Amino acid sequence: TLSVPAIGRRIMHWLLQLRAEAAGYLGRTADAVAALRTLAENEFFDLFWLEGCPLLAAARCDPDYGPLRALVAARADAIVDAMWGA
């Protein structure tokens, strides 16, 4: 996990999302997965984007995607639980 202030973290997430999308668009699946890995390791929680972005379709077929998705999903679930209860 990188030590980044909250607003800087959101900007970092956004830039990494753009990187993953650009890599997906260019067919560079390994680069897209690398960006997703960095996101997952740095408090990323946007499961909706992760599962729905069409540019990440090939990345979702990569064997490394499942554990990254699980990490993001656990974080997203914890946020939902904290807001509305389990």
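Biologist: What follows helix H5, and what is the sign of its phi?

Modeller: In this predicted model, H5 is followed by Gly 85, whose phi is positive, near 85 degrees.

Biologist: How does one judge the length of H5 against the number of its residues?

Modeller: The general idea is to multiply 1.5 Å by one less than the number of residues. For the 20 residues of H5 the expected span is 28 Å, and the end C-alpha atoms are 28 Å apart, so the two values agree.

Biologist: Which residues of H5 are buried, and which are exposed on the other side?

Modeller: A residue counts as buried under 20% relative accessible area and as exposed over 50%. In H5 the buried residues are Tyr 65, Leu 68, Val 72, Ala 73 and Ala 76. They cover an arc of only 125 degrees around the axis, and therefore lie on the same side of H5. Pro 67 and Ala 82 are exposed on the other side of H5.

Biologist: Against which helices do the buried residues of H5 pack?

Modeller: They pack against H2, H3 and helix H4, which covers residues 57-60.

Biologist: How many residues does the largest nonpolar core have, and which helices supply them?

Modeller: The largest nonpolar core has 22 residues, and Leu 36, Trp 49 and Leu 50 are those with the most contacts inside it. At least two residues of this core come from each of H1, helix H2 (29-40), helix H3 (47-52) and helix H5 (65-84). H2 gives the most, with six residues.

Biologist: With which residues is Trp 49 in contact?

Modeller: Contact means heavy atoms within 4.5 Å. Leaving aside neighbours within four places in sequence, Trp 49 is in contact with Gln 17, Ala 20, Glu 21, Leu 36, Leu 39, Phe 44, Leu 56 and Arg 60. Trp 49 counts as buried because its relative accessibility is 11%.

Biologist: How is a pair of aromatic rings described?

Modeller: Such a pair is described by the distance of the centres and the angle of the planes. A search of the whole structure finds one aromatic pair. Its members are Phe 44 and Trp 49, with ring centres 5.7 Å apart and planes at 85 degrees, so the pair is edge-to-face. Phe 44 is buried too, at 2% relative accessibility.

Biologist: Is Gln 17 buried or exposed, and where does it lie?

Modeller: Gln 17 lies in helix H1, residues 6-25. Its relative accessible area is 7%, so Gln 17 is buried. Beyond its neighbours within four places in sequence, Gln 17 is in contact with Arg 10, Leu 39, Phe 44, Asp 46 and Trp 49. Both members of the aromatic pair, Phe 44 and Trp 49, are thus among the contacts of Gln 17.

Biologist: How does Ala 22, also found in helix H1, stand in terms of exposure?

Modeller: Ala 22 is partly exposed, with a relative accessible area of 39%. The C-alpha atom of Ala 22 is separated by 19 Å from that of Arg 69, and the two residues are 47 residues apart along the chain.

Biologist: How many disulfides are there, and why is there no bond between Cys 53 and Cys 61?

Modeller: A disulfide requires two cysteine sulfur atoms within 2.5 Å. The count comes to zero disulfides. For Cys 53, the nearest cysteine sulfur is that of Cys 61, 14 Å away, and this is too far for a bond. Cys 53 counts as buried at 8% relative accessibility, whereas Cys 61 is exposed, with a relative accessible area of 67%.

Definitions and conventions
Residues are numbered from 1 along each chain as its sequence is written. This is a predicted model: local features need pLDDT of at least 70, side-chain atom pairs count only at pLDDT 80 or more; totals for chains, interfaces and linings use all residues. Side-chain values use heavy atoms; hydrogens and water are left out. Helices (H or I, at least four residues) and strands (E, at least two) are DSSP runs, numbered from the N terminus. Buried means under 20% relative accessible area, exposed over 50%, partly exposed in between (1.4 Å probe, protein chains only). A nonpolar core is a set of buried Ala, Val, Leu, Ile, Met, Phe, Trp, Tyr and Cys residues joined through side-chain atoms within 4.5 Å. Rings of Phe, Tyr and Trp (its six-membered ring) pair if their centres lie within 6.5 Å; planes under 30 degrees apart count as stacked, over 60 as edge-to-face and the rest as tilted. The arc is that of the directions from the helix axis to the C-beta atoms.
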